Structures are given as structure tokens and as C-alpha cells.
Amino acid sequence: MEEQEQDMSLESFLKWAADLGISDSAGTVPYTCLGHSLSLSYFPHAGGRGLGAVRDLRKGELILRVPKSALMTRESLLKDHKLSLAVNKHPSLSSIQILTVCLLYEMGKGKSSWWYPYLMHLPRGYDILATFGEFEKQAFQVADAIWAAEKAILKAKLEWKEANQLMEELKLKPQLLTFRAWLWAASTISSRTLHIPWDEAGCLCAVGDLFNYAAPGEETVCSEEVDSWMSAPSFQVSSLSNGDCTQTLSMEQFDAHDQRLTDGGYQEDVAAYCFYARQNYTKGEQVLLCYGTYTNLELLEHYGFLLNENSNDKVFIPLEPEIYSSSSWPKESLHIHQNGRPSFSLLSALRLWATPSNKRRSVGHLAYSGSQLSTDNEVHVMKWISKKCNAILKNLPTSIEEDSLLLSSFDEIQDLHTILELEKVLSASREIWAFLEANNLQNVDSDSNLLLSRKIRRSIDRWKLAIQWRLRYKKILLECISYCTEIKDSLLRNI
């Protein structure tokens with residue numbers, strides 16, 4: 001019965017979208033919401049619900065157009081006179097806070113809202129960092145990730161408190177005044193809004209927000225090049241370590257390149273948000289959208305998911321203060337890439353740091369160009385990185401093997417229905433008892449058939465995300481150790 005109702009709701013949503021002129025056809029009449037280029041499909045191992053190609057699509061082809069009138073923006077929502085008057089009394093609120101309040105206000109209208117068909121298709125729960133509980137937050141194990149989650153939670157609470165007076169003046173329903181409701185609305189905006197040139201809060205785009213994420217491909221720009229561009233105030237560097245080319249980029253060129261890492265945008269000439277195929281797609285293949293370059297932690301913070309293979313992922317390792325002061329590289333450029341290789345900047349900084357201070361000036365130009373300074377220096381750097389990565393791995397509560405085993409156990413959870421079944425499947429993990437305690441389930445009787453609630457399943461999903469993130473983090477460190485060992489051994493053999 002529930003599935004039948006969802007199908008009927010979906011049908012009415014697509015009809016509503018078609019009536020607004022949302023179309024995957026380049027033609028103007030007749031409008032068809034979906035069916036010419038795209039269809040709503042389910043991809044269980046690649047993001048869940050998404051958009052699939054109903055025919056072969058060519059790279060650069062227009063595949064979806066959403067008129068401005070169908071974009072949910074502050075501008076469109078503030079046409080409500082009561083809402084507009086109330087919002088104008090609170091100029092200190094950010095544009096994103098205002099859009100969040102507007103979304104909750106619109107939800108409060110129920111079926112009388114013009115946006116009702118769209119609102120009913122928004123997810124009822126999210127897994128962005130701000131929604132993580134204490135147990136789920138600690139499951140990251142790594143201080144940087146835990147702190148990122150804590151900052152996201154504190155920021156969400158502060159913004160909610162600042163907007164509370166406005167929401168009370170609007171007489172929102174009690175359930176819409178709660179922090180839980182605020183988190184839902186803020187998560188919707190964080191994970192689903194698209195960029196528009198006239199409002200930094202962005203817009204909610206019906207149908208257009210169904211595209212799942214694809215990380216920028218290698219054809220866009222390699223992260224080693226980005227490191228090198230940032231090496232000096234002029235953003236100029238020559239003789240790169242991988243390199244056969246000399247790059248000179250202005251900041252404006254860099255920003256323009258960054259803007260091209262998306263596959264859609266608002267076009268004034270047609271007054272619509274237009275989406276284009278980022279590559280060639282065959283019929284039945286999922287059509288993806290690049291939101292920009294994000295690490296896995298940033299994907300979790302803003303969108304509530306991560307990628308098993310993310311070319312933009314990176315690991316930051318603790319560095320001595322003298323390493324930072326011995327070079328002019330920005331801190332954010334000193335990291336390890338997802339393939340385990342130290343960044344251009346990190347190697348440069350460590351080579352300088354490992355050089356006696358009285359000789360750094362004479363070899364600085366070599367270090368900044370990515371050149372090795374000497375065999376001894378390079379061996380020292382590789383040993384130092386390996387030792388640092390090893391120390392981090394040893395100090396974490398669980399190993400790669402334990403995390404991998406725990407993740408494989410999660411695959412069995414999908415079909416479980418009771419708390420006792422959950423205990424049985426995860427009994428080998430030390431974390432299960434902390435999970436049960438965090439959810440007040442530690443005193444469940446052995447003969448109880450207490451069902452797994454939606455709240456418990458959501459907590460399990462976030463726990464799993466934290467484990468996936470920390471496992472990828474550990475694997476990057478392990479790959480870095482292997483890489484550094486290989487380089488060191490190669491250098492020593494050639495002495």
C-alpha cells in the first residue's frame with residue numbers, strides 16, 4: 001500500500017514539474033518532464049535514487065532545463081507578504097539562515113503550499129556531519145574529523161538559536177521550532193542547493209537536485225599542479241617534479257578553472273537552470289553531476305556521503321611548527337594524496353626543513369621547484385614520513401583489518417529487524433556495546449524482540465559512514481608508507 005502511494009505521489013510530482021516547464025527535452029513543445037533523455041532510477045550501489053539515461057547521450061548535450069519560475073529561492077519564497085515583513089526585521093541573519101527559515105515556513109503550510117509536490121519528495125533524513133551524535137562523532141577516531149563534526153554541530157546550533165526569534169514571530173508549529181527540524185531544513189539546503197549568481201544561499205531545483213555526485217576527473221586538473229600554482233604570491237612555478245611543462249596562472253584563471261568543475265548553471269539568456277552531460281553515457285547508465293572538488297570529509301560535512309575512490313581526498317598528518325616556518329607553503333597544501341603520495345608542497349617543505357638552516361636559502365629555489373636536494377636528504381624525508389604515518393596508525397583504536405571486518409558485517413544488517421539480531425551480527429566488535437549504550441539499548445532483555453527503529457537505523461548508517469571514512473584514512477597512510485619505503489629503498493640501491 002505504501003509503495004502504491006509513493007508511486008502515485010511520484011507521478012503527481014513529475015506532472016507538477018512538467019506543468020512548470022521542467023523538461024529533459026531540447027524542444028519547447030510538448031514539454032515532458034522526464035523520458036526523452038532521463039528517467040528516475042534506483043542505483044543501489046551508486047548513490048541510491050538518481051537519474052539514468054534513457055538513450056545514448058553525448059558529452060556536452062543539454063539534458064535538463066529548469067525554468068527560473070521553478071527554482072525555490074529566497075526571492076520566490078519571500079513573495080509571501082507575511083514572511084517578507086517578518087524577515088525584514090532581522091537583517092543580521094545570513095542569506096542561508098533566511099532560506100532555512102523560509103523552507104520551514106513553507107513546510108508549515110502543508111498541502112496549501114504551492115511547492116507541496118516538491119516538498120513531499122525531499123528526503124526525511126540526512127547524514128551530514130551536523131547530524132552526528134556523540135557516539136557517531138567519536139567513531140571517526142581521528143581528531144581532525146571529530147573536530148570537524150563538532151564545529152558543524154556547534155555552527156548549526158548557533159544559527160538555529162539566532163533564527164529562533166524570527167521563527168517564533170512567524171508562529172511556526174512547535175515541531176518546526178525544534179533543533180531537529182532546523183537540522184533537517186539546514187541539511188536540505190546544504191546538500192541540495194545549486195549555485196545561482198544573484199543569491200549566495202543558492203536555490204532548490206526540483207528534478208535537478210536528483211543528480212548524484214561524480215568527482216572531477218583527472219582531465220580537469222591534477223592536484224600536484226594546484227599545489228605548484230600556490231607556491232608563490234605570483235602563483236608561478238617552473239620545472240615541476242612530474243614535469244615537462246612550465247605553468248603560469250593568475251588567480252583569476254585559477255578561479256575560472258574552478259568554476260568549470262561543474263556541469264550545469266543558471267543561464268540568463270534562457271532564464272533557466274541548464275544541465276549538460278559531463279561525458280558520453282550509454283542507455284541505462286547513471287547520469288552524474290560534478291558539484292565541485294571535495295575531500296571525503298567535506299562531502300560528509302555538506303552532503304552526507306563519501307566516495308570509496310575519491311581522487312580529491314587527502315590526509316593531513318601532524319607537523320612540527322618548524323616545518324611550517326621553514327617554508328612559505330600554505331598549511332592546507334601540506335597533505336598526503338588519496339593514492340598515498342605526499343603532496344608537492346609537503347615534499348618541498350620537508351626537504352627544506354631537513355636541510356640545515358644555514359643552507360636553506362641556497363637550495364630554496366630547488367625545493368620550491370620540486371627537485372630532490374640530495375640522496376641523504378630524500379632518504380631522511382621518506383623515513384620521517386613513514387615513521388609519522390606508522391605512529392598514527394598504531395595510536396588509533398582499531399586496525400584496518402578490524403574496520404574491514406566490521407564493515408563487512410554491516411552488509412548483513414540490512415535485513416535485520418530486532419536489537420538482538422544486531423547484537424549477534426556485531427558481537428565480535430568492541431564498538432557494538434558503546435553503540436547500544438549510546439542509544440540506551442544496553443539493558444535489552446535476552447528474550448526481547450525489540451524492533452530496530454528508524455532512529456536506530458539512521459544511527460547505524462552514520463556509524464557506518466564514520467567507519468568507511470576512517471578506513472579510507474588508514475589505507476591512505478598505509479599506501480604512503482609503502483610509497484615512501486619504495487622510494488627510499490630505490491635511492492639506497494643506487495648509492
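# Exercises on strands, a core and a helix pair

Strand S2 and strand S12 (residues 286-289) run antiparallel and are joined by two bridges. The structure used in these exercises is a predicted model.

**Exercise 1.** Work out which strands pair with S2, find the residues that stand opposite glycine 52, and explain why S2 is largely enclosed.

*Solution.* Begin with strand S1 (residues 38-43), which pairs with S2 in the antiparallel sense over six bridges. Within this pairing, glycine 52 of S2 has serine 39 opposite it. Next, turn to S12, where glutamine 286 is the bridge partner of glycine 52. Finally, consider burial, for which a residue must have under 20% relative accessible area. Five of the six residues of S2 (residues 48-53) are buried, and therefore the strand is largely enclosed by the rest of the structure.

**Exercise 2.** Describe the open sheet that contains S11, giving the strand order, the edge strands and the twist.

*Solution.* First, write down the order, which is S3-S11-S10, with three strands in an open sheet and antiparallel pairing. Then identify the edges: strand S3 (62-67) and strand S10 (264-267) each pair on one side only. From one strand to the next, the twist averages 25°. As a last step, look at the pairing of S3 with strand S11 (residues 272-276), which is antiparallel and extends over five bridges; here valine 66 has tyrosine 273 in S11 as its bridge partner.

**Exercise 3.** Find which residues touch the most other members of the largest nonpolar core, and list some contacts of phenylalanine 275.

*Solution.* The largest nonpolar core has 127 residues, and Ile22, Phe140 and Phe275 are the ones that touch the most other members. Helix H19 (residues 454-493) supplies the largest share of this core, namely 15 residues. Now set aside the neighbours of phenylalanine 275 within four places in sequence; its remaining contacts include Leu62, Leu64 and Val66, as well as Leu194, Phe211 and Leu289. Apart from this core lies another, of six residues, among them Tyr213, Leu299, Tyr303 and Leu307. As a general background, nonpolar side chains in soluble globular proteins tend to be buried together.

**Exercise 4.** Decide how helices H13 and H14 are oriented to each other, and name residues through which they meet.

*Solution.* Start from the geometry: helix H13 (residues 344-353) and helix H14 (residues 360-368) pack at an angle of about 165°, and their axes are 10 Å apart. Angles over 145 degrees count as roughly antiparallel, and H13 and H14 are therefore roughly antiparallel to each other. Their crossing is right-handed. To complete the picture, Phe344, Ser348, Leu352 and Trp353 in H13 meet Arg360, Val363, Gly364, Ala367 and Tyr368 in H14.

Conventions:
Residues are numbered from 1 along each chain as its sequence is written. This is a predicted model: local features need pLDDT of at least 70, side-chain atom pairs count only at pLDDT 80 or more; totals for chains, interfaces and linings use all residues. Side-chain values use heavy atoms; hydrogens and water are left out. Buried means under 20% relative accessible area, exposed over 50%, partly exposed in between (1.4 Å probe, protein chains only). Helices (H or I, at least four residues) and strands (E, at least two) are DSSP runs, numbered from the N terminus. Two strands pair if DSSP finds at least two bridges between them. A nonpolar core is a set of buried Ala, Val, Leu, Ile, Met, Phe, Trp, Tyr and Cys residues joined through side-chain atoms within 4.5 Å. Contact means heavy atoms within 4.5 Å. Axes are lines fitted to C-alpha atoms, for helices over the stretch in contact, and angles run from 0 to 180 degrees between N-to-C directions. Angles under 35 degrees count as roughly parallel, over 145 as roughly antiparallel, 65 to 115 as roughly perpendicular and the rest as oblique. A crossing is left-handed if the near helix is turned anticlockwise from the far one by less than a right angle, and right-handed if clockwise.
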